[in-house]
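Reader: Please take one helix-helix packing site and go through it closely. Then follow the chain outward from there, with the cut-offs behind each term.

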Amino acid sequence: MAAGWQQLAVAPLFFLLLLLLLSGSCHATKPNMLNVHLVPHTHDDVGWLKTVDQYFYGDRNDIQHAGVQYILDSVVDQLLKNPDRRFIYVETAFFYRWWKRQSSGEQQTVKQLVNEGRLEFVNGGWCMSDEATTHYSAVVDQMTMGLRFLNETFGPCGRPRVAWHIDPFGHAREHASMFAQMGYDGFFFGRLDYQDRTRRMLAQEQELLWRASDSLRAANGRPLHRNIDPLTFALDKNKKNPPGILPNGYNPPEGFCWDQSCDDPPIRDDPDLEDYNVDDVVMRFLAIATAYKTNHIIMTMGSDFQYENANLWYKNLDKLIRYVNARQGNGSRVNVVYSTPSCYLQELHRANLTWALKTDDFFPYADSAHDFWTGYFTSRPALKRYERVSNSHLQTCNQLEVLGGPVSRNGPFGEGNSQTMKKAMAVAQHHDAVSGTEKQHVANDYARRLADGWRHCQVLVSNSLAALTGSSAKRIYCDNLNISVCPLTESSKKFSVSVYNPLARPVTWPVRLPVNGTVVPVSRATREVRKNRGFAINELVFQVQAPPLGFSTYSVSLLQDGPPPAAATKHRAPTAIQNKVFTLLSNLETGQSISLTQNFYWYNASDGNNSESDQPSGAYIFRPNSSTPFVISQRAKTETVQNSVVQEVRQWFAPWVSQVVRLYSDSRALELEWTVGPLPIDDSLGKEVITRLDTSIKTCEMFYTDSNGREVLQRKKDFRPTWNLKQSEPIAGNYYPINSRAFIKDDKDQLTVVTDRSQGGGSIHNGSLEIMLHRRLLYDDVRGVAEPLNETSAIFPEGLVVRGRLLLSLERPPAAADAHRPLAQEARRWLPGQRCWSLGQPRRFSGLQAALPPAVHLLTLTQWDGDSVLLRLEHQFQSRESRVNSQPVTVNLQKLFSTLEVIGVSEMNLSANQWKDEMIRFAWTPQTGMHARTHKHTHTHTPVYLTGLLRLNCLVCTDQ
């Protein structure tokens with residue numbers, strides 16, 4: 001749009017639609033026959049048993065035979081030999097690498113295959129993200145990166161039309177919502193609960209409409225679901241139970257795998273040979289070609305890292321198509337074609353039917369009665385936290401690249417970039433990365449990539465701060481403040497602290513710096529966990545205020561005329577800690593008071609030696625031996641520390657479990673800082689450690705968890721909204737992913753727990769909420785990783801120690817979201833570090849003219865190209881969760897930035913790969929509505945996400 005576009009409304013949830021019209025590349029089907037769509041594909045994990053590099057190059061085949069570069073080489077060669085052949089590809093991270101290594105002639109050949117629809121991209125993100133443990137902001141980023149490459153390389157023909165999540169272990173409602181708003185017409189996934197699968201098979205609900213949000217409203221207040229619900233397909237991978245939605249899942253049908261890794265016999269079509277088998281192959285194929293709701297079915301022909309020798313596959317598929325279709329002359333009603341998911345989807349749309357409707361999600365996922373995939377919600381908790389911190393690092397790096405201008409990429413501290421971190425974060429969203437289901441050496445590689453990305457960002461951030469402050473003083477980044485380690489502050493008597501706020505509103509937040517003056521003593525638990533990495537005996541604790549999208553600088557000096565007053569320390573249990581808002585646990589402002597007890601417990605992990613099932617707990621599976629956890633200690637040794645800024649109760653439950661209960665003077669949340677590990681295994685028992693909050697709140701077996709950090713879903717113990725659950729695992733079967741918050745409530749009180757990483761949890765007892773913190777297991781759970789989840793490191797050879805925080809908020813239910821929404825943002829804050837002080841630099845800077853309204857979150861601000869930046873604003877409140885903040889809000893973009901002038905805006909879809917006013921996609925109708933039609937986006941609604949490319953002028957420019 002033109003520069004005159006100044007104001008946009010933002011409403012609860014985003015509405016961004018896209019449909020790409022198919023270009024006639026689909027093979028003709030026959031209306032009076034059963035049309036079988038054969039989809040050749042490969043599933044290439046962006047790390048799992050091998051690292052990303054090892055998978056691409058085909059290294060370490062002693063672990064797993066897989067080489068992605070050879071797959072792409074072979075597929076392209078075979079596609080050129082027969083124009084009828086088709087192939088789909090998913091993981092842009094791998095394709096990007098391969099593409100860069102091709103000659104210009106080979107690239108032109110591939111572009112021709114894409115333009116003709118013979119090579120089709122599906123999903124198109126940098127990876128196939130996990131759906132339980134990822135945060136929506138990181139998912140949007142990784143999808144944007146992959147889709148941008150495809151868009152810029154192949155144009156409209158390279159734009160994926162369907163989302164393809166055939167391997168993640170359960171499916172989140174927020175993912176379906178994001179995919180719809182990225183413009184996908186359909187969503188194919190590969191795993192659903194075995195009970196749900198059986199029910200859908202009987203009800204013929206293999207395809208469904210997934211209504212992923214009730215927040216979207218048109219201008220007249222009516223829902224706009226018909227234009228945003230994606231048609232969803234389950235290609236179930238489960239082979240342990242009777243045939244369901246598709247018996248082969250994303251694998252080929254049994255007996256029809258012709259990869260070099262398979263043992264099925266090829267089609268031997270020489271009638272003079274004794275082992276001629278064409279008739280047998282055709283009859284077996286016709287037997288599995290069963291009609292579904294329409295006269296079209298889809299069969300995936302491929303699997304993990306297949307098609308390294310694509311000739312094996314295509315030679316046999318060519319024969320299969322030819323000989324099956326030849327039977328039509330003898331009365332067969334089966335027609336087989338090479339196809340893609342988008343071609344299959346087009347045929348279903350032409351059928352003009354109505355579809356079953358779903359409004360919840362697909363968690364938890366079980367593939368058998370005692371096999372619930374709920375352990376990975378917590379697996380590798382240290383990596384999960386590091387990924388979340390790295391996402392905050394990336395957002396700050398992106399923002400300061402824009403605010404600092406070109407000098408941020410090449411300035412006084414050298415060459416810096418944000419691209420390395422973007423790629424590392426994108427890879428970390430893979431469903432065997434942040435999920436914690438990879439081998440240990442692969443987890444180490446993911447962490448190394450994130451660290452390398454942050455190293456490049458540090459240079460960029462230093463350059464940007466130098467440009468914005470006018471000072472080139474050296475910047476020191478203290479990345480280990482959670483264990484009171486920062487060499488500069490420990491050894492200096494005078495230094496300055498710069499605190500950056502990536503949020504679009506001002507924040508007040510406590511900072512804790514390790515020093516050797518007399519202030520708050522470093523806790524015993526911190527001294528033990530940091531080992532010899534730091535030596536400060538005290539911490540300086542003070543409140544900082546940082547403006548929106550800006551920083552504040554504070555000068556710190558050791559007093560020469562005597563130390564400041566020491567914090568009072570008492571070695572006894574306190575009666576209460578209290579500020580002007582909270583006393584433990586009452587809200588003085590609202591007059592609320594609840595009974596609350598909290599303790600730590602551990603479940604004994606099953607070793608598989610059980611009469612009911614031989615399934616052990618592992619990286620994927622959570623299966624405790626008993627429904628009653630062991631309490632770690634009934635009593636804790638305590639001491640209290642108090643000063644004018646903070647009150648702390650330090651608790652020791654065991655040598656491997658401790659906690660600090662912390663209340664800051666102006667905080668509306670109670671902080672629980674837990675330290676767990678190394679988990680003892682000298683008793684040969686695997687342990688899964690939880691903390692449990694037991695309250696007087698009357699929950700009626702209800703509790704609530706977020707979906708990928710955004711909207712909140714209601715949960716109920718031993719219940720599934722779409723089928724009658726037969727519960728066989730009373731603990732694991734009631735665990736759900738918690739990405740950023742969970743809460744319990746009744747009519748009067750709501751207790752919200754905000755987490756600092758993705759974790760698993762549930763409400764097993766009325767009025768209680770439990771969250772799993774750490775896992776250490778001694779057996780593999782037989783899901784492919786072939787390695788027990790038993791983490792150690794050079795620093796912690798006896799077992800990993802993990803530290804984290806929970807923030808507790810007590811509010812009246814109608815106002816609770818007004819507290820927990822901003823609280824969850826602040827829990828992801830980033831303090832970029834400490835640096836030396838130099839005279840003359842500004843002590844405060846804000847990149848905004850004024851703070852955005854409380855309902856609006858600045859999700860993305862990143863450099864797009866030399867002339868434009870990508871901006872995403874979102875309405876962060878769910879429909880009807882706040883009387884004040886769930887209402888539409890108006891934002892004036894021309895009055896947004898303090899140092900930059902907006903001279904033009906072009907609105908895009910959520911993933912920034914299509915102009916908003918050009919988006920067209922299929923509309924699907926639920927069984928109670930009108931028939932489907934094609935919908936072109938119109939501006940009759942108020943979108944939750946505003947995604948736009950901004951063209952800017954610099955108002956206050958640095959020397960660039």
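Author: Val278, Val281, Val282, Phe285 and Leu286 in α8 meet Leu320, Tyr323 and Val324 in α9. Contact here means heavy atoms within 4.5 Å. The model is predicted, so local features need pLDDT of at least 70 and side-chain atom pairs count only at pLDDT 80 or more, whereas totals for chains, interfaces and linings use all residues. Residues are numbered from 1 along each chain as its sequence is written, and side-chain values use heavy atoms, with hydrogens and water left out. Helices (H or I, at least four residues) and strands (E, at least two) are DSSP runs numbered from the N terminus.

Two packed helices are described by the angle between their axes and the distance between the axes. For helix α8 (residues 278-288) and α9, the axes come within 10 Å and cross at roughly 80°. The axes are lines fitted to C-alpha atoms, for helices over the stretch in contact, and the angles run from 0 to 180 degrees between N-to-C directions. α8 and α9 are therefore roughly perpendicular to each other. Angles of 65 to 115 degrees get that label, under 35 counts as roughly parallel, over 145 as roughly antiparallel, and the rest as oblique.

Two residues of this site lead on to the core. Phe285, from the α8 side, is among the contacts of Val36. Leaving aside neighbours within four places in sequence, Val36 is in contact with Phe285, Ala289, Ile297, Met299, Val334, Asn335, Val336 and Val337. Leu320, from the α9 side, is one of the residues that touch the most other members of the largest nonpolar core, together with Val36, Leu38, Phe95 and Tyr307. That core has 117 residues, and its largest share, seven residues, comes from helix α9 (residues 310-326). A nonpolar core is a set of buried Ala, Val, Leu, Ile, Met, Phe, Trp, Tyr and Cys residues joined through side-chain atoms within 4.5 Å. Buried means under 20% relative accessible area, exposed over 50%, and partly exposed in between (1.4 Å probe, protein chains only). In soluble globular proteins, nonpolar side chains tend to be buried together. Apart from the largest core lies another, of 45 residues, among them Ala138, Ala428, Val461 and Ala504.

Phe95 leads to a second helix pair. Phe95, Trp98 and Trp99 in α3 meet Gln107, Val110 and Lys111 in α4. The axes of helix α3 (residues 92-100) and helix α4 (residues 104-115) come within 10 Å and cross at roughly 135°, which makes α3 oblique to α4.

Ala428, a member of the 45-residue core, is one of the buried residues of α12. The others in α12 are Met421, Lys422, Ala424, Met425, Ala426 and Val427. Seven of the 10 residues of helix α12 (residues 419-428) are buried, so the helix is largely enclosed by the rest of the structure. The cover over these buried residues includes α1 (52-57), α5 (136-154), α11, α13 and β43 (856-863).

Among the strands, β9 (residues 296-301) holds Thr300. Thr300 is buried, with a relative accessible area of 1%. Gly249 is 51 residues away from Thr300 in sequence, and their C-alpha atoms are 7.5 Å apart.

The structure holds four disulfides, each counted as a pair of cysteine sulfur atoms within 2.5 Å. In the link of Cys26 and Cys343, the sulfur atoms are 2.0 Å apart, and the S-S bond has -85° about it and is left-handed. Cys26 lies in the loop between β1 (7-10) and β2 (34-40) and Cys343 in helix α10 (residues 341-351), so the pair ties together parts that are 317 residues apart in sequence. Cys26 counts as buried at 18% relative accessibility, and Cys343 at 5%. A disulfide also joins Cys397 to Cys457, with S to S at 2.3 Å; this link is left-handed, at -95° about the S-S bond. Cys397 is in helix α11 (residues 381-404) and Cys457 in helix α13 (residues 440-469), 60 residues apart. Cys478 and Cys486 form another, with sulfur atoms 1.9 Å apart, and both cysteines are buried.

For the whole protein, there are 16 helices and 50 strands. Buried residues make up 66% of the 960 residues. Among contacts between residues at least 6 apart in sequence, 77% join residues at least 24 apart. The exposed area is about 33,400 Å², of which carbon and sulfur atoms supply 50%; areas come from the Shrake-Rupley method with a 1.4 Å probe, and for residues only the protein chains shown count as cover.
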